[in-house]
Amino acid sequence: MSYNLIPKKMLSQDPFSTWLGIEILEVSLGKCKVGLKIRPEMLNSMQKAHGGITYALADTAFGFAANTYGKYAVSIETSINHIEALGVDDYITAESTVEVTKNRLGFHYVEVKRGEEIVALFKGVVYRTSKEWDLTND
């Protein structure tokens, strides 16, 4: 199984992440780093990036990293702490790493950054199903 191909397949089947402009920057087993640029239509009423944008980027990194093990992994619990506000043209990255794996559960930690500055912290738990990713015909 080519774990690095799974996030690419997932992104190709994900219209929301594609609309956000998420790009895959790095992939290794149990890890994934993605990024996006904040656009004007992503702002809230205070002219700052909507918290859902940061959350969506972190959630995407989390999902992609969790699935690199070759089995469909689905989120069962997540949370985020927003630390810094973001504005138009900010480029942010989210890097997910698996902290603990227990049987069918995976516990992930995601740092969202603007450059080297941490702007949000996300954690999530996934359940790994028995269904394997099919990468044929890709």
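Is Phe122 buried or exposed? Phe122 is buried, at 1% relative accessibility. That value comes from a predicted model. This briefing covers aromatic rings, charges over rings, and two loop residues.

**Aromatic rings**
- The model holds 4 aromatic pairs.
- One of them joins Phe62 and Phe122. Their ring centres lie 5.5 Å apart, and their planes differ by 55 degrees. The pair counts as tilted.
- Phe62 belongs to helix H3, while Phe122 belongs to strand S6 (residues 117–132), so this pair ties together parts that are 60 residues apart in sequence.
- Phe62 is buried, with 1% relative accessibility. Buried means under 20%, so Phe62 fits.
- Tyr55 joins Phe62 and Phe122 in one aromatic cluster.

**Charges over rings**
- Arg39 places its charged end over the ring of Trp19. The distance to the ring centre is 4.9 Å.
- Arg128 places its charged end over the ring of Tyr69. Here the distance to the ring centre is 4.6 Å.

**Loop residues with positive phi**
- Gln47 is not a glycine, yet its phi is positive, at about 65 degrees.
- Gln47 sits in the loop between strand S2 (31–37) and helix H3 (51–67).
- Its relative accessibility is 53%. Exposed means over 50%, so Gln47 counts as exposed.
- Asp89 also is not a glycine, and has a positive phi of about 75 degrees.
- Asp89 lies in the loop between strand S3 (71–82) and strand S4 (91–102).
- Asp89 is exposed, with a relative accessible area of 52%.

Methods: Residues are numbered from 1 along each chain as its sequence is written. This is a predicted model: local features need pLDDT of at least 70, side-chain atom pairs count only at pLDDT 80 or more; totals for chains, interfaces and linings use all residues. Side-chain values use heavy atoms; hydrogens and water are left out. Helices (H or I, at least four residues) and strands (E, at least two) are DSSP runs, numbered from the N terminus. Buried means under 20% relative accessible area, exposed over 50%, partly exposed in between (1.4 Å probe, protein chains only). Rings of Phe, Tyr and Trp (its six-membered ring) pair if their centres lie within 6.5 Å; planes under 30 degrees apart count as stacked, over 60 as edge-to-face and the rest as tilted. A charge sits over a ring if NZ of Lys or CZ of Arg is within 6 Å of the ring centre and within 35 degrees of the ring normal.
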